[in-house]
Amino acid sequence: MYDAHNVTFNMTPSEMNTTGIDQIMIPQELFLMLGLISLVENVLVVAAIIKNRNLHCPMYYFICCLAVSDLLVSVGNVAETMFMLLTEHRLLIVTAKMLQHLDNVIDIMICTSVVSSLSFLCTIAADRYITIFYALRYHSIMTTRRAVSIIVAVWMVSISSSSLFIVYHTYNAAIACLVTFFGLTLVFTAVLYLHMFNLAHVHSRHIMALHKGRRQATSMKGAITITILLGVFIICWGPFFLHLILILTCPTSSYCSYYFSHFNIFLILIICNSLIDPLIYAYRSQELRKTLKELVFCSCCFVI
């Protein structure tokens, strides 16, 4: 069984490190601390969106789902770290079969997280695109019922595809499919944003009506927020996807193996993505920030 945090979707240590280069070790306590902070942050975001009726609109529904995707990483990380700490200190004794089942569940959670995160980033990008280019028809196009249908479809596809990926993880085609999906979603989102920001540049010079300018400013603010989220996602998940690409292209190369040895750092970056996203939501949305402050204040009062 591989190291607790080498959750490369059931890859063995030999697949991870074919030339014998040791993995860079990171204290499990750090994984646990980051996981717990991320867990609390994302729970607060979900609770804030549920609590504040002003946030009950398609874009915030999608952002709520994005927070749930981050929660999957946090929960998986905390559960696995706690499990490994307990077994290392002989406070919990499990069989190899039970450990394998736990690994499979956590791998499915993390794979579901990345697939759903990419899907909802694309969905939010499309939502902002409709807001800007079809402003007068937005509420008839993106209805609550349609938004809920999209959310259900994304989660069903994410869970089912992730389960299949874990079952067929030994096939290079499965890894190639995940990497291809990552690339396609980035291209799709980039095309939408280039079109949106090009329009914003043109409108900034030609739109004179104040109310229309405000509407566009609000829409562009949402687009900028998702651009920041996408940028953070690429920075945090990019090294992991490069890791998968190298497994396909040069699994036995000494240079690639040196890159593989940094895998635990890639995992820290993935957890940091789940930790940073809620801070971006709060920073970019005054309404959400206000509700988060209320929740934190109420929680502190309850504890006291």
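**Helix packing and the nonpolar core**

Helices α2 and α10 cross in a left-handed manner in this structure, which is a predicted model. The contact between the two is formed on the α2 side by L30, F31, L34, G35, I37, S38, E41, N42 and V45, and on the α10 side by N264, L267, I268, I271, C272, S274, L275, P278, L279 and Y281. By character, the residues of this contact comprise 13 nonpolar, five polar and one charged. Helix α2 spans residues 28–51 and helix α10 spans residues 263–284, and their axes come within 9 Å of each other, crossing at roughly 25°. Because angles under 35 degrees count as roughly parallel, α2 is described as roughly parallel to α10.

Helix α10 also packs against helix α3, which covers residues 58–88; here the angle is about 145° and the axes lie 9 Å apart. The crossing of α3 with α10 is likewise left-handed. In this pairing, I63, L66, A67, D70, V73, S74 and N77 of α3 meet I270, I271, N273, S274, D277 and Y281 of α10, and the residues involved divide into seven nonpolar, four polar and two charged. I271, S274 and Y281 of α10 are listed in the contact with α2 and again in the contact with α3.

A further helix pair is formed by α4 and helix α6 (residues 144–167), whose axes are 8 Å apart and which pack at an angle of about 140°; the arrangement is therefore classed as oblique. The crossing of α4 and α6 is right-handed. From α4, the contact draws on N104, D107, I108, C111, T112, V115, S116, S119, F120 and T123, while α6 supplies I150, I151, V154, W155, S158, I159, S161, S162, S163, F165 and I166. Sorted by character, the residues of the contact between α4 and α6 are 11 nonpolar, nine polar and one charged.

The largest nonpolar core of the model contains 82 residues, and the residues with the most contacts inside this core are I49, V114, F120, W237, F241 and Y281. Helix α4, which runs over residues 96–133, gives the most to the core, with 15 residues. When residues up to four places away in sequence are left aside, V114 touches L178, F233, W237 and F241, and of these, W237 and F241 are themselves among the residues with the most contacts inside the core. Two other residues of that group also take part in the helix contacts described above: F120 belongs to the contact of α4 with α6, and Y281 of α10 meets α3.

Key: Residues are numbered from 1 along each chain as its sequence is written. This is a predicted model: local features need pLDDT of at least 70, side-chain atom pairs count only at pLDDT 80 or more; totals for chains, interfaces and linings use all residues. Side-chain values use heavy atoms; hydrogens and water are left out. Axes are lines fitted to C-alpha atoms, for helices over the stretch in contact, and angles run from 0 to 180 degrees between N-to-C directions. Helices (H or I, at least four residues) and strands (E, at least two) are DSSP runs, numbered from the N terminus. Angles under 35 degrees count as roughly parallel, over 145 as roughly antiparallel, 65 to 115 as roughly perpendicular and the rest as oblique. A crossing is left-handed if the near helix is turned anticlockwise from the far one by less than a right angle, and right-handed if clockwise. Contact means heavy atoms within 4.5 Å. Ala, Val, Leu, Ile, Met, Phe, Trp, Tyr, Cys and Pro count as nonpolar, Asp, Glu, Lys and Arg as charged, and the others, Gly among them, as polar. A nonpolar core is a set of buried Ala, Val, Leu, Ile, Met, Phe, Trp, Tyr and Cys residues joined through side-chain atoms within 4.5 Å. Buried means under 20% relative accessible area, exposed over 50%, partly exposed in between (1.4 Å probe, protein chains only).
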